[in-house]
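Me: I am new to this structure and would like to understand the reasoning behind the terms used for it. Could you take me through them step by step?

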Amino acid sequence: MNPGMQGVVEVICGCMFSGKTEELIRRAKEAHYAQKKVLLFKPLLDNRYSKHEIVSHNGLSIKAHVIKSADELLKNVPAEVDVIGIDEVQFFDDDVILAVSRLADAGHRIVVAGLDQDFRGEPFGPMPKLLALAEHVTKLHAICTVCGEPATRTQRLIDGEAAFYDDPVILVGAADSYEARCRNHHEVPVRSMKEHLS
Ligand SMILES: [Zn+2]
């Protein structure tokens with residue numbers, strides 16, 4: 001980190017399959033090529049591909065430290081680190097907001113990637129506040145699997161049917177149970193209504 005450098009927070013958000021992790025890896029590699037010291041983190045629960053790497057859906061990967069809480073973030077960042085990347089940031093609790101702010105205040109460039117909405121289409125965990133305090137926000141779109149228009153939402157399917165609103169949030173899903181959807185094709189049935197119809 002260059003003394004006197006101003007810190008900055010960048011948020012990469014969007015639904016599943018929108019390329020968030022790919023974009024995080026791209027920015028990390030770009031910084032690395034520019035001779036910056038880069039450190040990447042991801043939450044402990046995200047182990048779908050690899051324990052010590054961040055891996056995108058299209059197969060890009062980069063080494064990452066696995067941490068259990070935002071507290072560990074503050075303990076694991078040496079002052080000389082220029083760029084800090086965090087993947088799946090929506091899975092941290094609200095403590096991550098203060099941690100990200102403190103690191104940026106200390107002069108680091110923080111790039112976080114995460115789902116802005118859960119499968120219900122509601123704001124996901126700490127994301128609204130991270131989006132509010134960020135200097136730069138990138139919202140990526142996927143393609144709706146029904147109509148091919150830009151998708152901003154994550155459709156959760158259980159046995160091929162739209163998940164109910166009150167089904168518990170599964171933290172990390174297999175690709176075959178989630179699809180990218182546009183606003184028109186995103187379905188979140190309410191249990192009492194659907195039971196009534198069947
Ligand atoms: Zn659609």
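Me: How are the donor residues of the zinc ion spaced in sequence?

Reply: In this predicted model, the donor residues follow the spacing C-x2-C-x34-C-x2-H. The pair Cys147 and His185 links distant parts of the chain, with the two positions 38 residues apart, Cys147 lying in the loop between strand 9 (142–143) and strand 10 (150–151) and His185 in the loop between strand 13 (178–181) and helix 5 (191–197).

Me: What makes these atoms donors of the zinc ion?

Reply: Donors are N, O and S atoms within 2.8 Å of the metal. The SG atoms of Cys144, Cys147 and Cys182 and the ND1 atom of His185 lie 2.1 to 2.4 Å from the zinc ion, and therefore count as donors.

Me: Why is the arrangement around the zinc ion called tetrahedral?

Reply: Four donors count as tetrahedral if all angles lie between 85 and 135 degrees; the four donor atoms here subtend angles of 98 to 116 degrees, so the arrangement is tetrahedral.

Me: Is Cys182 buried or exposed, and how do you know?

Reply: Buried means under 20% relative accessible area, and Cys182 has 8% relative accessibility, so Cys182 counts as buried. By contrast, Cys147, at 34%, is partly exposed, and His185, at 27%, is partly exposed too.

Me: How do you know that the residues under the UniProt annotation "binding site" gather at one spot?

Reply: According to the unreviewed UniProt entry, that annotation covers Cys144, Cys147, Cys182 and His185. They span 42 residues in sequence, yet no two of their C-alpha atoms are more than 8.1 Å apart, so they gather at one spot.

Definitions and conventions:
Residues are numbered from 1 along each chain as its sequence is written. This is a predicted model: local features need pLDDT of at least 70, side-chain atom pairs count only at pLDDT 80 or more; totals for chains, interfaces and linings use all residues. Side-chain values use heavy atoms; hydrogens and water are left out. Donors are N, O and S atoms within 2.8 Å of the metal (3.2 Å for Na, K and Ca); water is not among the atoms, so sites may look incomplete. Four donors count as tetrahedral if all angles lie between 85 and 135 degrees; four count as square planar and six as octahedral if opposite donors are over 155 degrees apart and all others between 65 and 115; anything else is irregular. Helices (H or I, at least four residues) and strands (E, at least two) are DSSP runs, numbered from the N terminus. Buried means under 20% relative accessible area, exposed over 50%, partly exposed in between (1.4 Å probe, protein chains only). UniProt positions are given in the numbering used here, feature names are shortened, and annotations may be inferred rather than shown by experiment.
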